[in-house]
Amino acid sequence: MKNITLLGATGSIGTQTLEVVEQHPDRFNITAISFGQNIGRGIEIIKRFRPKLVAVKNNQVKNDLLHACTLEDTRVVSGLEGLIEAAVYPESDILVNAVMGSIGLKPTLAAINTGKDIAIANKETLVTAGHIVMNKVNEKGVRLLPVDSEHSAIFQSIEGHRKQDVSRLILTASGGSFRDRSREELTGVTVEEALNHPNWSMGAKITVDSATLMNKGLEVIEAHWLFDMPYEKIDVVIHKESIVHSLVEYHDKSVIAQLGNPDMKGPIQYALSYPERLELEDVKRLNLWEAGTLHFQKVDMNRFKSLSLAYNAGQIGGSLPTVLNAANEAAVGHFLEGRIDFLEIESLVEAALEGHKVIKDPDLEAIEEADRETRRFINDRV
Ligand code: NDP
Ligand code: MG
């Protein structure tokens, strides 16, 4: 039996993680969860999975939750300390980090420190402080298992091979909601249009990131850290069907890929069951004759500027990826609340990157300061 702390239980990945857990009650058990403020869904989860510890966003949500239902065997905590307490919950064997944003960093580091394996969906954590996270992972000898579908695909395609034989990682990108529009056609697009992703149903922030291709940019940086691969050996190809989840090329030009119908429950379950492969019901079997033709297309870096901003930030390194991530989180938040135009997300991120004086090898404090300062920079301009 594997005991799980699930951070971000009410979200898209959180919900699908619970669906996987429900399919294997003899294998997985939820010991602690966190959510932000979705009390209605939170109560359903608590009643169904009976976690011993629940962390919520703040004291207000905690009080509302305690008023809304009687909890007998469940303790409720709040704020960042609460999130950390859930992450290090002694009975949990593994942390599934599915919160959105760089708030996931400290809980991840705390869980690694207590020797827990991590199933990481929360890519912002690796983008903002990849060097610190990976150093801790290596120091503590824990497993960092990818949940992001592209990284799970690479992980699956690289297993059993020697790292020095790999010549290139190739991430596939769906192209998001506006794949076939020109830059000019992006002026004035609505939040609703941006949230209408062709292949995946995901949280709001990552769906917007998919439309700008910043999501792929964040994933390039994530791949750099997870697989210790230099940026010049990480490529992106547009693949609109999202069936080939990513590929690994070897020195002999042989390419190994992982395929499947797009469903996050696959990579979530593999991160939980690794190295075993368990049955997974309700995921549609891939029949290639039904898929028919698969398409691949080179990315136009001028059209998808966010991707080139991310490559650049990753390559320069230091505190720049932190700024890229924080600026993007803040700008996407403003877009979702209707305060800025879609194209302004990119221009604000670019301005934040240009205005930042890079700190080489930043420690945790410097990262937190760069994150705060960047959010202030963006908020002042909106
Ligand atoms: P959602 O927005 O659907 O869910 C986010 C979760 O985090 C919710 O449970 C939310 O709680 C919680 N949360 C948000 N802010 C806070 C906070 N300040 N304190 C505590 N909890 C908070 O996001 P997704 O599930 O789509 O994405 C989660 C992560 O996984 C992201 O990093 C994303 O990039 C990554 N990912 C997602 C994929 C997907 O298919 N969705 C695919 C690959 C990666 P509440 O709603 O209750 O406020
Ligand atoms: Mg992905």
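Here is a short conversation about the predicted model shown above.

Tutor: Residues are numbered from 1 along each chain as its sequence is written, and chains are lettered from A and ligands numbered from 1 in the order written. In this predicted model, local features need pLDDT of at least 70 and side-chain atom pairs count only at pLDDT 80 or more, while totals for chains, interfaces and linings use all residues.

Student: What radius of gyration does the chain have, and what would a compact globule have?

Tutor: The radius is taken over C-alpha atoms, and the globule rule is 2.2 Å times the number of residues to the power 0.38. With 382 residues, that puts a compact globule near 21 Å, and the chain agrees at 20 Å.

Student: Which word describes how H6 and H14 lie to each other, oblique or parallel?

Tutor: H6 (residues 123-140) and H14 (residues 320-336) pack at about 140°, with axes 7 Å apart. Axes are lines fitted to C-alpha atoms, for helices over the stretch in contact, and angles run from 0 to 180 degrees between N-to-C directions. Angles under 35 degrees count as roughly parallel, over 145 as roughly antiparallel, 65 to 115 as roughly perpendicular and the rest as oblique. The two helices are therefore oblique.

Student: Which helices each supply at least two residues of the shell around ligand 1?

Tutor: Nicely, 30 residues surround ligand 1, with Gly11, Gly36, Asn38, Met202 and Gly203 the closest; a residue is near if its C-beta atom, placed from the backbone, lies within 6 Å. Helices here are DSSP runs (H or I, at least four residues), numbered from the N terminus. Those supplying at least two shell residues each are H1 (12-23), H6 and H9 (204-212).
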